[in-house]
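Here are a few short exercises to work through with the viewer open. Try each task before you read its solution.

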Amino acid sequence: MPKSTAVLFALCCTLLLPFTVQAEPDLIILVRHAEKSADNLADPSLSALGQARAQALAIALQHSAVSNIFTTQFKRTRETALPLAQARGITPQVLGAKRGAEHINEVVAAVRASTGVVLVVGHSNTVPAIASALGAPAMKDFCESSFSHLLLLRPTAQGVYMVQSRYGVAEASSTDANCQ
């Protein structure tokens with residue numbers, strides 16, 4: 001076989017090898033933790049209303065095929081994810097909440113390294129920032145009294161598509177124009 005034919009053959013065989021595909025989730029679901037109690041100001045548990053909302057989240061996502069769950073170290077995020085995690089047999093991955101971009105970057109890296117359907121349970125100021133860092137449009141932080149937001153992000157080759165919805169019992173609307 002002439003050398004040029006052998007090089008061409010080797011090049012063609014190389015092109016037939018599977019490409020390395022970077023892991024990326026099919027769907028990313030972002031929620032804020034449910035309502036917290038006043039039992040411990042440093043690390044409160046969920047209130048009875050928050051526990052009901054956590055159950056509502058599990059029901060809302062029961063057919064979503066969630067395969068990865070990320071929370072922070074705080075009880076309120078872990079307890080919000082717990083009913084769904086138990087139903088799906090998943091151990092949530094805890095990513096320590098830190099101030100500023102460091103936490104956002106850590107969550108985004110963990111989400112992007114995941115496959116399947118990913119649930120992230122965060123906080124009023126982190127969920128919108130995480131969504132934006134994943135390619136969604138910029139949005140205001142959630143109001144302190146707002147717990148029902150549910151963001152669905154679908155990464156595609158053309159960008160990230162976002163659907164903003166609500167789950168559980170509706171809460172009173174805030175009059176604060178600086179949050180949603």
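**Exercise 1.** Which residues are exposed on the other side of H2? Find them, then work out how the buried residues are arranged.

*Solution.* Keep in mind that this is a predicted model.

Step 1: Locate helix H2, which covers residues 48-60. Its 13 residues reach 18 Å from the first C-alpha to the last, close to the 18 Å expected at 1.5 Å a residue.

Step 2: List the residues of H2 that are buried, that is, under 20% relative accessible area. They are Gly50, Arg53, Ala54, Leu57 and Ala58.

Step 3: Look down the axis of H2: these buried residues fall within an arc of 145°, so they line one face of the helix. In general, an α-helix has 3.6 residues a turn, so residues three or four places apart point the same way.

Step 4: Turn to the other side of H2, where Ala48 and Ile59 are exposed.

**Exercise 2.** Name the elements against which the buried residues of H2 pack.

*Solution.* The packing partners are strands S1 (27-32), S4 (117-122) and S5 (149-156), together with helix H3 (75-88).

**Exercise 3.** Describe the largest nonpolar core and place Phe70 in it.

*Solution.* Step 1: The largest nonpolar core has 19 residues, and Phe70 is among those with the most contacts inside it, as are Leu30 and Val111.

Step 2: Two or more residues each come from S1, H4 (101-112), S4, H5 (127-133) and S5. Helix H4 gives the largest share, five residues.

Step 3: Leaving aside neighbours within four places in sequence, Phe70 contacts several residues, including Gln93, Leu95, Ala110, Val111 and Val120.

Step 4: A second, separate core has 16 residues, among them Leu57 and Tyr167.

Definitions and conventions:
Residues are numbered from 1 along each chain as its sequence is written. This is a predicted model: local features need pLDDT of at least 70, side-chain atom pairs count only at pLDDT 80 or more; totals for chains, interfaces and linings use all residues. Side-chain values use heavy atoms; hydrogens and water are left out. Helices (H or I, at least four residues) and strands (E, at least two) are DSSP runs, numbered from the N terminus. The expected span of a helix is 1.5 Å times one less than its number of residues. Buried means under 20% relative accessible area, exposed over 50%, partly exposed in between (1.4 Å probe, protein chains only). The arc is that of the directions from the helix axis to the C-beta atoms. Contact means heavy atoms within 4.5 Å. A nonpolar core is a set of buried Ala, Val, Leu, Ile, Met, Phe, Trp, Tyr and Cys residues joined through side-chain atoms within 4.5 Å.
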